[in-house]
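User: I am new to this structure and would like to understand the terms used to describe it. Please explain them one at a time.

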Amino acid sequence: MKFLSPTISRLARMRFWRVENWSRHPVAVQREVLQELVTAAQHTSFGKKHKFSTLFTLKEFKKMVPIHSYEDMKPYVERMMDGEENILWNTPINWFAKSSGTTSDKSKFIPISDESLQDNHFKASKDVLATYYNNFPGSDLLTGKSLVVGGSHQLNKMNEEIQYGDLSAVLMQNTPFWGQWLRTPELSIALLDEWEDKIEQLAAITAEENVTSLAGVPTWTLLLLKRILAIKGKTTIKEVWPNLELYITGGVSFVPYREQFDKIFGAKINYLEIYNASEGFFAGQQCPDDDGMLLFTEHGIFYEFMPVDQYGQKNPQTEGLDKVSIGKNYALVISTTGGLWRYLVGDTIQFTSLHPYKIKVTG
(Lines give C-alpha, C1' and ligand atoms only; values in the text may rest on other atoms or scores of the structure.)
Protein backbone atom coordinates (compact mmCIF):
# COMPACT_ATOMS: atom_id res chain seq x y z
CA MET A 1 0.00 0.00 0.00
CA LYS A 2 2.99 2.29 0.26
CA PHE A 3 2.64 3.21 -3.42
CA LEU A 4 -0.63 5.00 -2.53
CA SER A 5 1.12 7.58 -0.34
CA PRO A 6 1.99 10.16 -3.05
CA THR A 7 -1.56 9.98 -4.46
CA ILE A 8 -3.19 10.36 -1.04
CA SER A 9 -0.89 13.25 -0.21
CA ARG A 10 -1.84 15.04 -3.45
CA LEU A 11 -5.56 14.55 -2.81
CA ALA A 12 -5.21 15.89 0.73
CA ARG A 13 -3.30 18.95 -0.49
CA MET A 14 -6.00 19.57 -3.11
CA ARG A 15 -8.58 19.60 -0.34
CA PHE A 16 -6.53 21.93 1.85
CA TRP A 17 -7.42 25.03 -0.19
CA ARG A 18 -11.01 24.59 1.02
CA VAL A 19 -9.83 24.55 4.63
CA GLU A 20 -7.87 27.73 3.97
CA ASN A 21 -10.91 29.36 2.40
CA TRP A 22 -13.36 28.83 5.25
CA SER A 23 -10.74 29.56 7.91
CA ARG A 24 -9.95 32.90 6.22
CA HIS A 25 -13.61 33.97 5.96
CA PRO A 26 -15.18 32.52 9.11
CA VAL A 27 -17.75 35.25 9.84
CA ALA A 28 -19.20 35.18 6.32
CA VAL A 29 -19.18 31.38 6.32
CA GLN A 30 -21.02 31.28 9.63
CA ARG A 31 -23.75 33.58 8.29
CA GLU A 32 -24.28 31.15 5.42
CA VAL A 33 -24.42 28.19 7.81
CA LEU A 34 -27.10 29.84 9.93
CA GLN A 35 -29.17 30.73 6.87
CA GLU A 36 -28.98 27.14 5.61
CA LEU A 37 -29.94 25.71 9.01
CA VAL A 38 -32.98 27.95 9.46
CA THR A 39 -34.13 27.42 5.87
CA ALA A 40 -33.85 23.64 6.18
CA ALA A 41 -35.82 23.50 9.42
CA GLN A 42 -38.51 26.10 8.73
CA HIS A 43 -41.27 23.49 8.24
CA THR A 44 -40.39 21.36 11.28
CA SER A 45 -42.41 21.51 14.49
CA PHE A 46 -39.67 23.55 16.13
CA GLY A 47 -39.28 25.79 13.09
CA LYS A 48 -42.99 26.56 12.90
CA LYS A 49 -43.19 27.28 16.63
CA HIS A 50 -40.32 29.75 16.41
CA LYS A 51 -41.40 31.24 13.05
CA PHE A 52 -38.24 30.28 11.15
CA SER A 53 -39.84 31.28 7.85
CA THR A 54 -39.89 34.92 9.02
CA LEU A 55 -36.33 35.05 10.37
CA PHE A 56 -33.83 36.81 8.13
CA THR A 57 -31.24 38.18 10.54
CA LEU A 58 -29.18 36.85 13.44
CA LYS A 59 -30.84 39.43 15.69
CA GLU A 60 -34.29 38.01 14.84
CA PHE A 61 -33.06 34.45 15.32
CA LYS A 62 -31.70 35.22 18.79
CA LYS A 63 -34.91 37.07 19.72
CA MET A 64 -37.21 34.22 18.66
CA VAL A 65 -35.15 31.24 19.84
CA PRO A 66 -34.11 31.09 23.51
CA ILE A 67 -30.97 29.31 24.68
CA HIS A 68 -31.79 25.67 25.41
CA SER A 69 -30.41 23.18 27.90
CA TYR A 70 -30.78 19.46 27.24
CA GLU A 71 -33.81 19.39 29.53
CA ASP A 72 -35.43 22.01 27.32
CA MET A 73 -34.76 19.92 24.20
CA LYS A 74 -35.67 16.59 25.79
CA PRO A 75 -39.43 16.59 24.96
CA TYR A 76 -38.57 17.09 21.28
CA VAL A 77 -35.89 14.40 21.39
CA GLU A 78 -38.29 11.91 22.99
CA ARG A 79 -40.81 12.47 20.20
CA MET A 80 -38.05 11.83 17.64
CA MET A 81 -36.98 8.66 19.43
CA ASP A 82 -40.60 7.50 19.22
CA GLY A 83 -40.33 7.80 15.45
CA GLU A 84 -41.95 11.18 14.77
CA GLU A 85 -40.37 13.10 11.89
CA ASN A 86 -39.94 16.82 11.15
CA ILE A 87 -39.65 17.67 14.82
CA LEU A 88 -36.26 19.42 15.15
CA TRP A 89 -34.82 18.67 11.70
CA ASN A 90 -36.28 18.10 8.24
CA THR A 91 -34.68 14.75 7.39
CA PRO A 92 -35.12 11.39 9.17
CA ILE A 93 -33.20 10.90 12.42
CA ASN A 94 -32.31 7.22 12.72
CA TRP A 95 -29.36 7.55 15.11
CA PHE A 96 -28.87 9.05 18.55
CA ALA A 97 -25.54 9.45 20.31
CA LYS A 98 -25.85 8.59 24.00
CA SER A 99 -23.58 10.60 26.27
CA SER A 100 -23.08 11.32 29.98
CA GLY A 101 -24.35 8.84 32.50
CA THR A 102 -25.29 5.19 32.47
CA THR A 103 -29.07 5.27 32.70
CA SER A 104 -31.73 6.81 30.49
CA ASP A 105 -32.64 9.38 33.14
CA LYS A 106 -29.07 10.66 33.41
CA SER A 107 -28.02 10.28 29.80
CA LYS A 108 -28.36 12.68 26.92
CA PHE A 109 -29.54 11.38 23.57
CA ILE A 110 -28.20 13.62 20.84
CA PRO A 111 -29.93 13.37 17.44
CA ILE A 112 -27.61 12.44 14.56
CA SER A 113 -28.94 13.14 11.06
CA ASP A 114 -27.29 12.11 7.81
CA GLU A 115 -26.20 15.74 7.50
CA SER A 116 -24.62 15.53 10.97
CA LEU A 117 -22.54 12.61 9.75
CA GLN A 118 -21.63 13.82 6.28
CA ASP A 119 -21.33 17.59 6.72
CA ASN A 120 -19.93 17.61 10.22
CA HIS A 121 -18.24 14.51 11.62
CA PHE A 122 -16.90 13.02 8.37
CA LYS A 123 -16.13 16.37 6.72
CA ALA A 124 -14.21 17.53 9.80
CA SER A 125 -12.27 14.25 9.85
CA LYS A 126 -11.26 14.77 6.21
CA ASP A 127 -10.21 18.35 6.98
CA VAL A 128 -8.05 17.14 9.89
CA LEU A 129 -6.42 14.72 7.45
CA ALA A 130 -5.94 17.43 4.80
CA THR A 131 -4.31 19.71 7.36
CA TYR A 132 -2.06 16.90 8.56
CA TYR A 133 -0.88 16.10 5.04
CA ASN A 134 -0.29 19.79 4.40
CA ASN A 135 2.07 19.79 7.37
CA PHE A 136 3.65 16.44 6.47
CA PRO A 137 3.40 15.99 2.68
CA GLY A 138 5.65 12.92 2.77
CA SER A 139 3.48 11.14 5.34
CA ASP A 140 2.69 7.43 4.97
CA LEU A 141 -0.27 7.74 7.34
CA LEU A 142 -2.87 6.07 5.11
CA THR A 143 -0.65 3.28 3.87
CA GLY A 144 -1.30 1.41 7.11
CA LYS A 145 -4.22 0.88 9.47
CA SER A 146 -5.99 3.28 11.80
CA LEU A 147 -6.90 2.07 15.29
CA VAL A 148 -9.62 3.90 17.21
CA VAL A 149 -9.80 2.99 20.89
CA GLY A 150 -13.17 3.56 22.55
CA GLY A 151 -15.18 2.43 25.51
CA SER A 152 -18.57 0.72 25.33
CA HIS A 153 -19.70 0.47 21.73
CA GLN A 154 -22.95 -1.45 22.08
CA LEU A 155 -25.72 -0.28 19.77
CA ASN A 156 -29.30 -0.47 20.99
CA LYS A 157 -32.49 -0.43 18.95
CA MET A 158 -35.41 1.79 19.89
CA ASN A 159 -37.40 0.21 17.05
CA GLU A 160 -36.76 -1.22 13.59
CA GLU A 161 -35.36 2.06 12.27
CA ILE A 162 -33.92 3.96 15.22
CA GLN A 163 -30.74 3.03 17.12
CA TYR A 164 -28.60 4.65 19.78
CA GLY A 165 -25.11 4.14 21.19
CA ASP A 166 -22.08 6.16 22.14
CA LEU A 167 -20.74 8.48 19.44
CA SER A 168 -17.86 6.22 18.43
CA ALA A 169 -20.30 3.34 17.83
CA VAL A 170 -22.55 5.50 15.66
CA LEU A 171 -19.60 6.80 13.64
CA MET A 172 -18.10 3.33 13.17
CA GLN A 173 -21.43 1.91 12.03
CA ASN A 174 -21.79 4.67 9.42
CA THR A 175 -18.18 4.99 8.25
CA PRO A 176 -17.86 4.98 4.43
CA PHE A 177 -16.42 1.83 2.82
CA TRP A 178 -12.99 3.40 2.37
CA GLY A 179 -12.87 4.16 6.10
CA GLN A 180 -13.75 0.55 6.95
CA TRP A 181 -10.93 -0.58 4.67
CA LEU A 182 -8.36 1.57 6.48
CA ARG A 183 -9.44 0.65 10.01
CA THR A 184 -8.48 -2.16 12.35
CA PRO A 185 -9.96 -4.35 13.81
CA GLU A 186 -13.12 -5.47 12.00
CA LEU A 187 -16.36 -3.82 13.07
CA SER A 188 -17.71 -6.78 15.08
CA ILE A 189 -14.72 -6.60 17.44
CA ALA A 190 -14.61 -2.81 17.60
CA LEU A 191 -18.27 -2.83 18.69
CA LEU A 192 -17.86 -5.36 21.50
CA ASP A 193 -19.42 -4.10 24.72
CA GLU A 194 -17.56 -6.16 27.34
CA TRP A 195 -14.35 -4.20 27.94
CA GLU A 196 -12.11 -7.01 29.27
CA ASP A 197 -12.95 -9.32 26.38
CA LYS A 198 -12.65 -6.48 23.89
CA ILE A 199 -9.22 -5.32 25.04
CA GLU A 200 -7.90 -8.88 24.74
CA GLN A 201 -9.20 -9.24 21.20
CA LEU A 202 -8.11 -5.72 20.24
CA ALA A 203 -4.60 -6.33 21.53
CA ALA A 204 -4.22 -9.76 19.93
CA ILE A 205 -5.41 -8.65 16.49
CA THR A 206 -3.94 -5.16 16.19
CA ALA A 207 -0.54 -6.24 17.49
CA GLU A 208 -0.08 -8.05 14.17
CA GLU A 209 -1.22 -5.14 11.99
CA ASN A 210 0.71 -2.26 10.41
CA VAL A 211 -0.84 0.48 12.54
CA THR A 212 0.16 3.98 11.43
CA SER A 213 -2.35 6.07 13.41
CA LEU A 214 -4.02 5.74 16.78
CA ALA A 215 -6.94 7.64 18.28
CA GLY A 216 -8.70 7.48 21.63
CA VAL A 217 -9.08 8.78 25.15
CA PRO A 218 -5.67 8.53 26.90
CA THR A 219 -6.77 6.25 29.75
CA TRP A 220 -8.27 3.55 27.51
CA THR A 221 -5.46 3.86 25.00
CA LEU A 222 -2.77 3.34 27.64
CA LEU A 223 -4.51 0.18 28.88
CA LEU A 224 -4.55 -1.27 25.38
CA LEU A 225 -0.94 -0.33 24.62
CA LYS A 226 0.30 -1.95 27.83
CA ARG A 227 -1.57 -5.14 26.99
CA ILE A 228 -0.06 -5.18 23.50
CA LEU A 229 3.44 -4.84 24.94
CA ALA A 230 2.75 -7.73 27.31
CA ILE A 231 1.52 -9.96 24.48
CA LYS A 232 4.44 -9.13 22.20
CA GLY A 233 7.11 -9.11 24.92
CA LYS A 234 8.32 -5.67 23.84
CA THR A 235 9.21 -2.57 25.80
CA THR A 236 8.01 0.14 23.38
CA ILE A 237 5.12 0.42 20.91
CA LYS A 238 7.48 1.48 18.13
CA GLU A 239 8.93 -2.03 18.28
CA VAL A 240 5.45 -3.39 17.56
CA TRP A 241 4.31 -0.71 15.10
CA PRO A 242 7.45 0.78 13.54
CA ASN A 243 5.40 2.90 11.12
CA LEU A 244 3.19 4.52 13.78
CA GLU A 245 3.35 8.28 13.23
CA LEU A 246 0.24 9.89 14.76
CA TYR A 247 -1.80 9.75 17.96
CA ILE A 248 -5.07 11.73 17.99
CA THR A 249 -6.48 12.55 21.40
CA GLY A 250 -9.47 14.40 22.78
CA GLY A 251 -12.06 14.46 25.52
CA VAL A 252 -9.65 15.24 28.36
CA SER A 253 -6.48 17.26 28.78
CA PHE A 254 -3.52 15.39 27.34
CA VAL A 255 -0.95 17.25 29.42
CA PRO A 256 -0.97 14.84 32.43
CA TYR A 257 -0.48 11.87 30.07
CA ARG A 258 2.15 13.24 27.69
CA GLU A 259 5.15 11.86 29.57
CA GLN A 260 3.62 8.36 29.83
CA PHE A 261 2.90 8.27 26.10
CA ASP A 262 6.37 9.52 25.18
CA LYS A 263 7.80 6.67 27.22
CA ILE A 264 5.50 3.91 25.97
CA PHE A 265 5.88 4.90 22.31
CA GLY A 266 9.67 4.90 22.66
CA ALA A 267 10.22 7.21 19.69
CA LYS A 268 8.90 10.54 18.50
CA ILE A 269 5.45 10.56 16.90
CA ASN A 270 3.04 13.41 16.23
CA TYR A 271 0.24 14.27 18.64
CA LEU A 272 -2.96 16.03 17.53
CA GLU A 273 -5.81 17.17 19.76
CA ILE A 274 -9.38 17.27 18.47
CA TYR A 275 -12.66 18.47 19.97
CA ASN A 276 -15.23 15.93 18.82
CA ALA A 277 -18.31 15.57 21.03
CA SER A 278 -21.68 13.86 20.62
CA GLU A 279 -23.13 17.24 19.66
CA GLY A 280 -20.57 17.82 16.92
CA PHE A 281 -16.99 17.87 15.69
CA PHE A 282 -16.00 21.40 16.67
CA ALA A 283 -12.25 21.84 16.26
CA GLY A 284 -8.85 20.26 15.64
CA GLN A 285 -5.22 21.30 15.88
CA GLN A 286 -3.73 22.67 12.70
CA CYS A 287 -0.22 21.67 13.72
CA PRO A 288 1.10 19.23 16.35
CA ASP A 289 1.65 21.03 19.67
CA ASP A 290 -0.21 24.12 18.39
CA ASP A 291 -1.69 26.33 21.09
CA GLY A 292 -5.38 25.78 20.55
CA MET A 293 -7.51 24.03 17.93
CA LEU A 294 -8.83 25.51 14.70
CA LEU A 295 -12.59 26.14 14.99
CA PHE A 296 -14.48 24.35 12.19
CA THR A 297 -16.82 27.05 10.89
CA GLU A 298 -18.18 25.44 7.67
CA HIS A 299 -19.33 22.12 9.09
CA GLY A 300 -23.07 22.46 9.69
CA ILE A 301 -22.80 24.18 13.07
CA PHE A 302 -23.55 27.80 13.92
CA TYR A 303 -21.67 28.98 17.00
CA GLU A 304 -22.44 31.51 19.67
CA PHE A 305 -20.30 32.25 22.68
CA MET A 306 -21.88 33.08 26.03
CA PRO A 307 -19.63 34.83 28.57
CA VAL A 308 -19.67 32.70 31.70
CA ASP A 309 -20.94 35.62 33.78
CA GLN A 310 -24.21 35.28 31.84
CA TYR A 311 -24.98 31.94 33.49
CA GLY A 312 -28.18 32.22 35.49
CA GLN A 313 -29.32 35.42 33.75
CA LYS A 314 -32.94 35.57 32.58
CA ASN A 315 -31.96 36.40 28.99
CA PRO A 316 -28.28 35.47 28.69
CA GLN A 317 -26.38 37.33 26.00
CA THR A 318 -24.07 35.69 23.49
CA GLU A 319 -21.29 36.98 21.26
CA GLY A 320 -20.50 36.13 17.66
CA LEU A 321 -17.06 35.44 16.23
CA ASP A 322 -16.61 39.11 15.36
CA LYS A 323 -16.98 40.11 19.03
CA VAL A 324 -15.03 37.46 20.97
CA SER A 325 -11.79 38.10 22.85
CA ILE A 326 -8.68 36.03 23.53
CA GLY A 327 -8.40 34.52 27.00
CA LYS A 328 -12.04 35.07 28.02
CA ASN A 329 -14.13 32.12 29.21
CA TYR A 330 -17.20 31.38 27.09
CA ALA A 331 -19.89 28.73 27.27
CA LEU A 332 -20.37 27.13 23.86
CA VAL A 333 -23.84 27.57 22.30
CA ILE A 334 -24.60 25.75 19.03
CA SER A 335 -27.27 25.26 16.37
CA THR A 336 -26.74 22.16 14.25
CA THR A 337 -27.84 19.97 11.35
CA GLY A 338 -29.00 17.46 13.96
CA GLY A 339 -31.67 19.87 15.19
CA LEU A 340 -30.05 21.35 18.27
CA TRP A 341 -31.10 25.01 18.45
CA ARG A 342 -29.12 27.52 20.50
CA TYR A 343 -28.09 24.53 22.57
CA LEU A 344 -25.84 25.00 25.60
CA VAL A 345 -23.24 22.26 25.22
CA GLY A 346 -21.97 22.44 28.80
CA ASP A 347 -18.31 23.06 27.97
CA THR A 348 -16.39 26.29 28.40
CA ILE A 349 -13.75 27.43 25.95
CA GLN A 350 -11.23 30.20 25.45
CA PHE A 351 -9.91 31.64 22.22
CA THR A 352 -6.15 31.39 21.78
CA SER A 353 -6.13 33.08 18.35
CA LEU A 354 -8.51 35.24 16.30
CA HIS A 355 -6.66 34.98 12.96
CA PRO A 356 -7.62 32.22 12.40
CA TYR A 357 -10.02 31.39 15.21
CA LYS A 358 -8.51 28.80 17.53
CA ILE A 359 -9.92 27.56 20.83
CA LYS A 360 -9.04 25.43 23.81
CA VAL A 361 -11.43 23.69 26.21
CA THR A 362 -11.24 25.11 29.72
CA GLY A 363 -13.94 23.19 31.55
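Analyst: Let us begin with one pair of residues: Tyr 275 stands opposite Ala 283 in strand 10. This is a predicted model, in which local features need pLDDT of at least 70, side-chain atom pairs count only at pLDDT 80 or more, and totals for chains, interfaces and linings use all residues. Residues are numbered from 1 along each chain as its sequence is written, and side-chain values use heavy atoms, with hydrogens and water left out.

User: What makes strand 9 and strand 10 a pair?

Analyst: Two strands pair if DSSP finds at least two bridges between them. Strand 9 (residues 270–277) and strand 10 are joined by 4 bridges and run antiparallel. The two form a hairpin with 2 residues between them. Strands here are DSSP runs of E with at least two residues, helices are runs of H or I with at least four, and both are numbered from the N terminus.

User: Which strand also pairs with strand 10, and over how many bridges?

Analyst: Strand 11 (residues 293–295) pairs with strand 10 in the antiparallel sense over 2 bridges. There, Leu 295 is the bridge partner of Ala 283.

User: Why is strand 10 called mostly covered?

Analyst: Buried means under 20% relative accessible area, exposed means over 50%, and partly exposed lies in between (1.4 Å probe, protein chains only). In strand 10 (residues 280–284), 5 of its 5 residues are buried.

User: Why is Arg 18 called partly exposed?

Analyst: Arg 18 has a relative accessible area of 36%, so it falls between the two cut-offs. Arg 18 is found in helix 1 (residues 5–24).

User: How do you know that helix 11 and helix 13 are roughly parallel?

Analyst: The axes of helix 11 (residues 218–232) and helix 13 (residues 258–265) come within 11 Å and cross at roughly 25°. Axes are lines fitted to C-alpha atoms, for helices over the stretch in contact, and angles run from 0 to 180 degrees between N-to-C directions. Angles under 35 degrees count as roughly parallel, over 145 as roughly antiparallel, 65 to 115 as roughly perpendicular and the rest as oblique. Helix 11 and helix 13 are therefore roughly parallel to each other.

User: Which strands stand at the edges of the open sheet, and why?

Analyst: The open sheet has 4 strands in the order 2-1-5-4, with mixed pairing. Strand 2 (108–112) and strand 4 (156–157) stand at the edges, because each has a single partner strand and one side without a neighbour in the sheet. Within this sheet, strand 1 (residues 95–99) and strand 5 (residues 163–165) run parallel, joined by 3 bridges.
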